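Biologist: Please take a close look at the part of this chain where its two helices meet. I would like that part described residue by residue and set within the whole chain.

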Amino acid sequence: MSELQNQRVTVELLGQEQQFACPEGQEEALIAAAKNLNDLVEQMKQRSSVRNDQKALLMAALNLSHELLEAKTQATVEQLQQDQLVDKLSQHLASDPTHQK
């Protein structure tokens, strides 16, 4: 089994360059994530009276965490709905004499 190779990627966060280890092939995703975070921090500054970078960063992180939890909840609900539909279809097929062997 081969070891995963990490690349050093430099991104700009809050006006400062930061270096992060990143799995090979994921560099563009990391750069996009940093840009998204910078954009969110700027939005937090514009939408509120917050001017402090760290407080705006915390607000952006809290917002992202909330969105992630909502997405996970929605995915769980959708998975349950799909499971229920599969169960109904399986029951229907099992009771339909034209589909029995």
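Modeller: The model is predicted. I begin with the surface: the chain exposes about 8500 Å², and carbon and sulfur atoms supply 53% of that area. Of the 101 residues, 13% count as buried. The C-alpha atoms fill a box of roughly 70 × 45 × 15 Å along the principal axes. The radius of gyration of the chain is 23 Å, whereas a compact globule of 101 residues would have one near 13 Å.

The chain contains two helices and two strands, in the order β-β-α-α along the sequence. Among contacts between residues at least 6 apart in sequence, 16% join residues at least 24 apart.

Before the helices comes the strand pair. Strand β1, residues 6-13, and strand β2, residues 16-23, pair in the antiparallel sense over eight bridges. Two of the pairings may be named: Gln7 has Cys22 in β2 as its bridge partner, and Glu12 stands opposite Glu17 in β2. The two strands form a hairpin with two residues between them. Leu14 lies in this loop between β1 and β2 and has a positive phi of about 55° although it is not a glycine. With a relative accessibility of 28%, Leu14 counts as partly exposed, because that value falls between the 20% limit for buried and the 50% limit for exposed.

I turn now to the helices themselves. Helix α1 covers residues 27-47, and Lys45 lies within it; Leu40 and Asp39 are also found in α1. Helix α2, residues 53-95, has 43 residues. From its first C-alpha to its last, α2 reaches 63 Å, close to the 63 Å expected at 1.5 Å a residue. The N-terminal end of α2 is capped by Asn52, of which a side-chain oxygen lies 2.7 Å from the backbone nitrogen of Gln54.

Lys45 offers a view of the region where α1 gives way to α2. Leaving aside neighbours within four places in sequence, Lys45 is in contact with Val50, Arg51, Asp53 and Ala56. Asp53 and Ala56 fall within the residue range of α2. Lys45 has a relative accessible area of 15% and is therefore buried, the limit for that class being under 20%.

Leu40 supplies a further link between the helices. Its relative accessible area is 10%, so Leu40 also counts as buried. Outside its neighbours within four places in sequence, Leu40 is in contact with Ala60, Asn63 and Leu64. The C-alpha atoms of Leu40 and Ala60 are 5.8 Å apart in space, although the two residues are 20 apart in sequence.

Leu64 shows the arrangement from the side of α2, the helix in which it lies. Leaving aside neighbours within four places in sequence, Leu64 is in contact with Asn36, Leu37 and Leu40. Leu64 and Leu37 are 27 residues apart along the chain, and their C-alpha atoms are separated by 9.0 Å. Despite these contacts, Leu64 counts as partly exposed, because its relative accessibility is 30%.

Asp39 gives a point of reference beside Leu40. Its C-alpha atom is 12 Å from that of Leu64, with 25 residues separating the two in sequence. Asp39 counts as partly exposed because its relative accessibility is 33%. The adjacent residue Leu40, by contrast, is buried at 10%.

Taken together, the part you asked about can be followed through three residues. Lys45 of α1 makes contacts that include Asp53 and Ala56. Leu40 of α1 is in contact with Ala60, Asn63 and Leu64. From α2, Leu64 is in contact with Leu40 and also with Asn36 and Leu37. Of these residues, Lys45 and Leu40 are buried, whereas Leu64 is partly exposed.

Key
Residues numbered from 1 in each chain as written. Predicted model: local features only at pLDDT ≥ 70, side-chain atom pairs only at ≥ 80, totals over all residues. Heavy atoms only, no water. Helix = DSSP H or I, 4+ residues; strand = E, 2+ residues; numbered from the N terminus. Expected span 1.5 Å × (residues − 1). Polar contact = N/O pair within 3.5 Å; in protein donor to acceptor, adjacent residues only side chain to side chain. Rg over C-alpha atoms; globule rule 2.2 N^0.38 Å. Buried < 20%, exposed > 50% of the residue type's maximum accessible area, 1.4 Å probe, protein only. Contact = heavy atoms within 4.5 Å. Areas by Shrake-Rupley, 256 points an atom, 1.4 Å probe, with all protein chains shown as cover. Pairing = 2+ DSSP bridges.
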